[in-house]
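Thanks, everyone; I would like to take a few minutes on the charged side chains of this model, and then turn briefly to a nonpolar part of its surface. Please have a look at the structure first.

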Amino acid sequence: MSDLAPRPATASTVRADGDNRYKAVQAKLRKLGQALHDATVELEGLRRSMQSNASRTEGVARDIENAELDPRFVEMTNLVSVALGGAAIEVRRLHDTAQETRDLTHETARHHARLYGALDDIRSNRREKTPKPGFFRI
């Protein structure tokens, strides 16, 4: 039986909505970064498991061959081992992509904070209403 099970949709879902306020964007970027971090951890575990299963399957193929069973079973078992090894390589690529995306998400959050953090502090700490965007346009 597989250890993989579907998760509830709310566990790490990052929704894209129309809320573009500073704090909402920062919260979405944090949530996305955390979801990507969790994905990299799970993908690394999956890769290790697949690699281990590939090695184990290779050993089983040797055992089948040493037992002088039908050669087609040796071939099929070797094919499974190769497929698992190939899948592990692809999972590693996916892991690397998720990790790179996570790093870019953190960089985006820092850049967003640098651009709009001070403005949000000013706007959120005063009593007067802030004019709508474009009000001061001439």
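**Salt bridges and a nonpolar patch**

Let me begin with glutamate 58 and arginine 62, whose side chains form a salt bridge with an N to O distance of 3.9 Å, and I should say at once that this is a predicted model. Both residues belong to helix H1, where they sit four residues apart, or about one turn of the helix. Glutamate 58 is partly exposed at 39% relative accessible area, and arginine 62 is likewise partly exposed, at 46%.

Also in helix H1, which covers residues 22-66, glutamate 44 and arginine 48 are four residues apart, about one helical turn, and they make a salt bridge in which the closest N and O atoms are 3.1 Å apart. Here glutamate 44 is buried, with a relative accessible area of 14%, whereas arginine 48 is exposed, at 55%. This pair is also part of a network of salt bridges that links Glu44, Arg47, Arg48, Arg92 and Asp96.

Moving on to helix H2, arginine 93 and glutamate 90 are three residues apart, again about one helical turn, and their side chains meet in a salt bridge at 2.8 Å, N to O. Glutamate 90 is partly exposed, with 44% relative accessibility. Across the whole structure, the search finds ten salt bridges.

Finally, the nonpolar part: Leu69, Phe73 and Met76 make a surface patch of about 280 Å². Of these, phenylalanine 73 lies in helix H2, residues 71-124, and is partly exposed, with a relative accessible area of 36%.

Technical notes:
Residues numbered from 1 in each chain as written. Predicted model: local features only at pLDDT ≥ 70, side-chain atom pairs only at ≥ 80, totals over all residues. Heavy atoms only, no water. Patch = residues over 30% accessible without salt bridge, like charges linked within 9 Å, V, L, I, M, F, W, Y side chains within 5 Å. Areas by Shrake-Rupley, 256 points an atom, 1.4 Å probe, with all protein chains shown as cover. Salt bridge = Lys/Arg side-chain N within 4 Å of Asp/Glu carboxyl O. Helix = DSSP H or I, 4+ residues; strand = E, 2+ residues; numbered from the N terminus. Buried < 20%, exposed > 50% of the residue type's maximum accessible area, 1.4 Å probe, protein only.
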